[in-house]
Amino acid sequence: ELISPDNNSIMFKLKEPDLITDRMKLDKFLAEESVNNGAKLELNQRFVGFENGKVTVRNRGELKNFEIEALIGADGPNSQVAKSAGLYGERKFWIARQCRAKIKSDDINLYKVYFNNEFAPNFFGWVVPEDENIARIGIGAEKDSDHYFKKFLNYLGNPGIIDYQAGLIPIYDPKPRRRNNNVYLIGDAALQVKAISGGGILKGMLAAEELSNAILNDLDYERLWRKRIGLDLWINLKIRQMLNNFSNEDYNKLIRFSNENALSSFNREFPKKSLFNSLFKNPKLDFFLCGK
């Protein structure tokens, strides 16, 4: 359900089922799958740098060097691998703040997205049910995230907080390279994140398939990942840039112009077809894409 500042809303079905995942369990599962397929895990290691084909890591204060054939930076938005390989560039982030809170949900299969510049300028607020009594509540902001998060919680009636989470979400930029010789970036480290929603798990996994193909078959990783997910990431970015210019009244108009026929379904991972179908069914939406 998309909710405008004047509390009008529109509900639509997502093209694919959205799953609420326990990220720690997902990471653990992927690590176990890696080991089952021949990977060796080295725990308690911190990446320090990369130079002349050698990786330096710190293990409880002791520095160790490793010779490598390929280095993959899957180390998040502030990727130290990217910095070490000259691939970091000029990055921008949202600061995401989220809590698990006691809040009633009549429909646990319905999550709510709030467009309102009072508490979510250049992003949105969300309420995602875990069950009938607990939901994940959050916002993203480029600055002053704590201030806006408190305003959103107040807007929702200050529900009882169970715990908090926070983190950086990288904003997609198509320009920087994701490879320098035998150093590769992937996922959040490569800014392979949807600018509409800030999500990136599936995009990172698709890029991982292309990276594996590139390394094993000596192919061009840059070309492969851009062909697989680049257009969808670019469309996400352009929609986000459009929304960033919206006032609250623009959001009110957008929800009023929209209807369940125009947005009866939507694929958040691959928005091309959904977007064009929506424009075909409701040409008024073109008013916004052409600069309001």
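## Helix 3 and its two sides

On one side of helix 3, Lys150 and Asn154 are exposed. This is a predicted model. Helix 3 covers residues 145–155, and its buried residues are Ser145, Tyr148, Phe149, Phe152 and Leu153. These buried residues cover an arc of only 140° around the axis, which puts them on the same side of helix 3. Lys150 and Asn154 lie on the other side.

What do the buried residues of helix 3 pack against? Their partners are five elements in the list that follows:

- strand 8 (93–102)
- strand 9 (112–114)
- strand 10 (125–129)
- strand 11 (134–141)
- strand 12 (160–170)

Just after helix 3 comes Gly157, with a positive phi of about 90°.

## Strand 10 and its neighbours

Strand 10 is one of the elements that helix 3 packs against. How many of the 5 residues of strand 10 are buried? The count is 5 of the 5, so strand 10 is largely enclosed by the rest of the structure. In a regular strand, side chains alternate between the two faces of the sheet. Here Gly125, Val127 and Pro129 point one way, while Trp126 and Val128 point the other way. All of these residues are buried.

Strand 10 pairs with strand 9 and with strand 11. Strand 9 runs antiparallel to strand 10, and 3 bridges join them. In that pairing, Val113 stands opposite Trp126 of strand 10. Strand 11 also runs antiparallel to strand 10, with 5 bridges between them. There, Gly125 faces Ile139 of strand 11. A hairpin of 4 linking residues takes the chain from strand 10 to strand 11.

## Tyr111 in the loop before strand 9

Tyr111 sits in the loop between strand 8 and strand 9. Is Tyr111 buried or partly exposed? Its relative accessible area is 22%, which makes Tyr111 partly exposed. The cut-off for buried is under 20%. Tyr111 and Ala135 are 24 residues apart along the chain. Their C-alpha atoms are separated by 9.2 Å. Ala135 falls in the range of strand 11 (134–141).

## Helix 4: length and buried face

Helix 4 runs over residues 201–217. At 1.5 Å a residue, its 17 residues should span 24 Å. The end C-alpha atoms are 24 Å apart, which agrees.

The buried residues of helix 4 are Lys203, Gly204, Leu206, Ala207, Glu210, Leu211 and Ala214. Seen down the axis, they fall within an arc of 160°, so they line one face of helix 4. These buried residues pack against strand 7, strand 14 and helix 5 (221–243). Just after helix 4, Asp218 takes a positive phi of about 55°.

## The three-stranded open sheet

Strand 7 and strand 14, which helix 4 packs against, belong to an open sheet of 3 strands. The order is 7-14-13, and the pairing is mixed. Which strands are at the edges? Strand 7 (71–73) and strand 13 (179–180) are the edge strands, and each pairs on one side only.

Strand 14 covers residues 183–185. Strand 7 and strand 14 pair in the parallel sense over 3 bridges. In this pairing, Gly73 stands opposite Leu185 of strand 14.

## The hairpin of strands 5 and 6

Strand 5 (residues 54–59) and strand 6 (residues 62–67) run antiparallel, joined by 6 bridges. Arg58 has Leu63 in strand 6 as its bridge partner. The two strands form a hairpin with 2 residues between them. One turn residue, Arg60, has a positive phi of about 50°.

## A pocket lined in part by helix 5

The second largest pocket has a volume of about 290 Å³. It is lined by 14 residues. Lys92, Ile171, Tyr172, Leu237 and Gln241 lie nearest its centre. Which element gives the most to the lining of this pocket? Helix 5 does, with 3 residues. Helix 5 is also one of the elements that the buried residues of helix 4 pack against.

## The protein as a whole

The protein contains 8 helices and 15 strands. Of its 292 residues, 42% are buried. Among contacts with a separation of 6 or more, 65% come from residues 24 or more positions apart.

Definitions and conventions:
Residues are numbered from 1 along each chain as its sequence is written. This is a predicted model: local features need pLDDT of at least 70, side-chain atom pairs count only at pLDDT 80 or more; totals for chains, interfaces and linings use all residues. Side-chain values use heavy atoms; hydrogens and water are left out. Two strands pair if DSSP finds at least two bridges between them. The expected span of a helix is 1.5 Å times one less than its number of residues. Buried means under 20% relative accessible area, exposed over 50%, partly exposed in between (1.4 Å probe, protein chains only). The arc is that of the directions from the helix axis to the C-beta atoms. Contact means heavy atoms within 4.5 Å. On a 1 Å grid over the protein atoms alone, a cavity is a set of points where a 1.4 Å probe fits but cannot get out, and a pocket is an open set with protein on both sides within 12 Å along at least five of seven lines; lining residues have an atom within 4 Å of a point. Grid points are joined across faces, edges and corners, and a volume is the space filled by probe spheres set on the points.
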